[in-house]
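Reader: I'm new to this one and would like to know how the labels are earned. Could you show me the structure and let me ask as we go?

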Amino acid sequence: MAQRSSTNLWGGFNVALVLGLFINIAFADSPYRFFDWNVTYGDIYPLGVRQQGILINGQFPGPDIYAVTNDNIYINVHNSLPEPFLLSWNGVQQRKNSYQDGVYGTTCPIPPGQNFTYRIQVKDQIGSYFYFPSLAFHKAAGGFGSIRVLSRPLIPVPFPEPAADYTLLIGDWYTANHTTLKTILDRGHRLPFPNGIVINGRGPSATTFTVEKGKTYRFRITNVGLQHSLNFRVQDHELKLVEVEGTHTMQNTYSSLDVHVGQSYSVLITADQPSRDFYIAVSTRFAPKVLTSTAILHYSDSTTSVGGPIPGGPTEVEWSINQARSIRTNLTASGPRPNPQGSYHYGLINISRTIKLESSAALVNRKQRYAVNSVSFIPADTPLKLADYFSIDGVFRIGSIPDFPSGKTMFLDTSVMGADYRAFIEIVFQNHENIVQSWHIDGYSFWVVGMDGGVWTPASREQYNLRDAVSRCTTQVYPKSWTAIYMSLDNVGMWNIRSEFWARQYLGQQFYLRVYTPVKSFRDEYNVPDNALLCGKADGKSTASP
Ligand SMILES: *[C@@H]1O[C@H](CO)[C@@H](O)[C@H](O)[C@H]1NC(C)=O
Ligand SMILES: *[C@@H]1O[C@H](CO)[C@@H](O)[C@H](O)[C@H]1NC(C)=O
Ligand SMILES: *[C@@H]1O[C@H](CO)[C@@H](O)[C@H](O)[C@H]1NC(C)=O
Ligand SMILES: *[C@@H]1O[C@H](CO)[C@@H](O)[C@H](O)[C@H]1NC(C)=O
Ligand SMILES: *[C@@H]1O[C@H](CO)[C@@H](O)[C@H](O)[C@H]1NC(C)=O
């Protein structure tokens, strides 16, 4: 259990394991990074109250994963909790390899006392992402951490190397433990308002980032919370946005940034003020109550502690929509490859299918549930991907969720939507509710081509950005508004589409997109990994190549 921090990427290196790898899939000549993680319960005090948290190698939040484009990351996760556990990798595309996604629709839970080694390649990716525990309501207890995928050394990055690269995991937080929260949901109730905001696992003024006057720093900000959109700002400093979930953006400067749940952003902050300490402030947006937490930006030669009022955030919804629209791709910057990000003209490709997804909240059997197009997801007894791979009938039906809202009364099902490999689709998220929604799609990044108030109609397409929309994996949908995305279905597999509002995800606001090709080829999809855990109706099947 050596792995503790970024300085020890090779903790847990295991020669026998390495030899085993070479007979595995041709993960090309890219480097391997090995992690050995022990997941345990332990005491944490994020808001000053002792709580039972989920620790990884004793840490809360868990260790950062540092990687470079195309690296193979092997993470041996030992589950030392008394219950099943899985980690999922938000934003890591798992190309051709949805088995590694770590959600219950793709991967069997790691039983208590056992371990499973995720074999992940960050193929053709750069950017800021995070991992989190996907089962039960574990996410409310920690177990999350940041993932950063750096550009390969010869690929130009469109800004000078920062003096340091800091992780900021921000989120709303409950002092109740995850079992208590899960029980509330299982009984059919909504969760109460959270107790506070946590920054890197700690409460107000507990985290300090030291900077040297005149230097520029990268801050990777991810909202790992359960529900609330958060506004991020630094007293007297501007934020220069440079990256959003793997896309290098036009480098606009903002006085603050709205980060919706599940989203990641990188900003550059230059220490260009007279030396002292400044507030970093994070507060809830679009919420009935403003909760604020702080961290400290400390100039190394400062002798003056923080002072003055904690800077306030914006209050208008319109401000947030305008900011979202201003976030665009820098078409001349490179992404994971040396060619410009604008060399793929998504706006010129014909749409082969339009899908419209409407969320809803209702009582089913007198219990609170949430749905997409009237279907509230319930897990099957077997991961859907494994049922598909082993051709096990009776686990799910393709087409169990319609492409358009049906107007039906909400009902429960294991919803799976079928889609063709290489289709180019448009998805419209329509929000009739009075809350901000946040939607995530596993296995992909997509172009956020438009968002506006009201109800989407085909005429809304006239205002799409078909030139330099940002490509990302999690998008917000404002209250009583719509958001439209384009997505190229170039990744075969079983992919979770979910609300990042965690109680809603838990109570059914998710489904799976089965991207399918009849061709059985390694070029399109790998076989189930030979170390895969098998469960449910897949128990006892053979993972040897068919
Ligand atoms: C994980 O940590 C627990 C508690 O410290 C310890 O009992 C257990 O042996 C560790 N497991 C592994 C695989 O290191
Ligand atoms: C479990 O961990 C051991 C080493 O601690 C490793 O040899 C084995 O491959 C792991 N099992 C899986 C399924 O990853
Ligand atoms: C876009 O990227 C290019 C190439 O790296 C860089 O020179 C330019 O400053 C960037 N422009 C903006 C507005 O961010
Ligand atoms: C969770 O909180 C409840 C209520 O305070 C308590 O009864 C229970 O023991 C706690 N569970 C754990 C595992 O800490
Ligand atoms: C898109 O569709 C139009 C009209 O059907 C057609 O003329 C055009 O060639 C298509 N473009 C591409 C790139 O397939």
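Reader: What makes the link between the side chain of S499 and the backbone nitrogen of F501 a polar contact?

Author: The side chain of S499 reaches that backbone nitrogen of F501 at 3.1 Å. A polar contact is a pair of N or O atoms within 3.5 Å; inside protein, one must be able to donate a hydrogen and the other to accept it, and residues adjacent in sequence count only if both atoms are side-chain atoms. So 3.1 Å falls within the 3.5 Å cut-off. Keep in mind that this is a predicted model, where local features need pLDDT of at least 70, side-chain atom pairs count only at pLDDT 80 or more, and totals for chains, interfaces and linings use all residues. Side-chain values use heavy atoms, with hydrogens and water left out, residues are numbered from 1 along each chain as its sequence is written, and chains are lettered from A and ligands numbered from 1 in the order in which they are written.

Reader: Why is S499 called buried?

Author: Its relative accessible area is 2%. Buried means under 20%, exposed over 50%, and partly exposed in between, using a 1.4 Å probe and protein chains only. At 2%, S499 is therefore buried.

Reader: Which residues does S499 touch?

Author: Leaving out residues up to four places away in sequence, S499 touches S438, W439, R504, Q505 and Q509. Touching means contact, that is, heavy atoms within 4.5 Å.

Reader: On to ligand 2: which residues are around it?

Author: N76, H78, N115, F116, T117 and N531. They are there because each has a heavy atom within 4 Å of the ligand.

Reader: How do you know that N115 and T117 make polar contacts with ligand 2?

Author: A polar side-chain atom of N115 lies 2.3 Å from an oxygen atom of ligand 2, and one of T117 lies 2.7 Å from an oxygen atom of that ligand. Both values sit within 3.5 Å, so both pairs qualify.

Reader: How is the shell around ligand 2 divided by class?

Author: Into one nonpolar, five polar and no charged. Ala, Val, Leu, Ile, Met, Phe, Trp, Tyr, Cys and Pro count as nonpolar, Asp, Glu, Lys and Arg as charged, and the others, Gly among them, as polar.

Reader: And what makes N330 a polar partner of ligand 3?

Author: An N or O atom in the side chain of N330 is 2.3 Å from an oxygen atom of ligand 3. That is within 3.5 Å, so the pair is a polar contact. By class, the shell around ligand 3 has three nonpolar, three polar and no charged residues.
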